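Open the model in your viewer and keep the selection box handy. We will go from one side chain to the cores, a stop at a time.

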Amino acid sequence: MRRTLALSAVPACAAALLLTGCSGGADAAPKDTEPPAVPAGVTVQASSATSAHVMWERAADAEGVAGYEVFQRGARVKALPAAKTMVDVESLTPGTAYEFTVRAKDAAGNLSAPSKAVSVTTPQPKPDDRRPPSVPGAPRGTVESSRAVTLSWRAAEDDTGVTAYDVYQEDSRIHSVPGTATSARVEGLRPGQVYSFTVRARDAADNSSPDSAVVDLTTRQGPGGDAPTAPTGLTATPGKGEVVLRWTPPETGGPVTEHQLYLNGKFATTIVWGGEPPAGQAAYTFAVSDPPGTRYSVKIRAKLPDGAWGDFSAQRTVVIPPGA
């Protein structure tokens, strides 16, 4: 896997202007120095003995919020795109008090003041607790708008008590609520899309129940349609024992950290970046051992911030050349 960096030339000021310096002129846009509003409605709950779920309301900014940062006693523990207003903080210590704040960040890098600090204490797990909770029962769903749904279910049972319910969308955990809740509002969805939700119960020892029954919901169609979610500019170049793919991930309002690769119409592998995803064009190389003349059809799709898989890219056909 290789990262491709796009470089652009920057024009220099003419020599005659060196005495006065470079200037954007009278029409240059003023620099954005105004920070976003402070995120409100911050809540935190202990999802288990080693994790906490932090949520907040969307913040406002004159130029638009670009993301959020979550802090634990002044130390940043999570950075998230603007589409996310909740996160699970893992690897905590059982029976320990924690304090979280949230700050909004705009495209110019301005950070809001910290939100009101919210405290939580992780519970102590029961020793040798390996029994998971029962399955949440009778899940149902209601479409609230083009970007939000509400799910409800019957409470699960556990010998030590349910500490959290986790909402999954296509095998990705996208939301959590306290073990005392039997409903959840899921936001940040896309208009006119089909979503398949399941719910799992979790106890303090991080034992999770099996999935509930599936709830399929279609969000309302938004005005003007949706932004494209398919990767663009896909190319497939054969080489000696390999094929190199390059493409541009879709604009999703947040980083795209996973893609699925399909060969000849079938799922082949998941492409995952362990750190920051590549900026601009992405690249991936996969090995081939078939003889020259073998043809492959290749397409990819991206995992979006809401946990759904986007549309497929255009399909490309590549033929292994002689001597490869």
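A polar contact here is a pair of N or O atoms within 3.5 Å; within protein, one must be able to donate a hydrogen and the other to accept it, and residues adjacent in sequence count only if both atoms are side-chain atoms. Select Arg316 and Leu234 for an example: a polar atom of the Arg316 side chain lies 2.7 Å from the backbone oxygen of Leu234.

Before moving on, note that this is a predicted model, where local features need pLDDT of at least 70 and side-chain atom pairs count only at pLDDT 80 or more, while totals for chains, interfaces and linings use all residues. Residues are numbered from 1 along each chain as its sequence is written, and side-chain values use heavy atoms, with hydrogens and water left out.

Stay on Arg316, which sits in strand β21 (residues 316-319); strands are DSSP runs (E, at least two residues), numbered from the N terminus. Now show what Arg316 touches (heavy atoms within 4.5 Å): beyond four places in sequence, the partners are Leu234, Ala236, Tyr296, Ser297 and Val298.

Next, select Val54, Trp56 and Phe100, which touch the most other members of the largest nonpolar core, a set of 21 residues. Such a core joins buried Ala, Val, Leu, Ile, Met, Phe, Trp, Tyr and Cys residues through side-chain atoms within 4.5 Å, buried being under 20% relative accessible area (1.4 Å probe, protein chains only). Colour β6 too: it gives this core its largest share, four residues.

Last stop: select Tyr165, Val186, Val199 and Val215, which are among the 20 residues of a second, separate core.

Methods
Buried means under 20% relative accessible area, exposed over 50%, partly exposed in between (1.4 Å probe, protein chains only).
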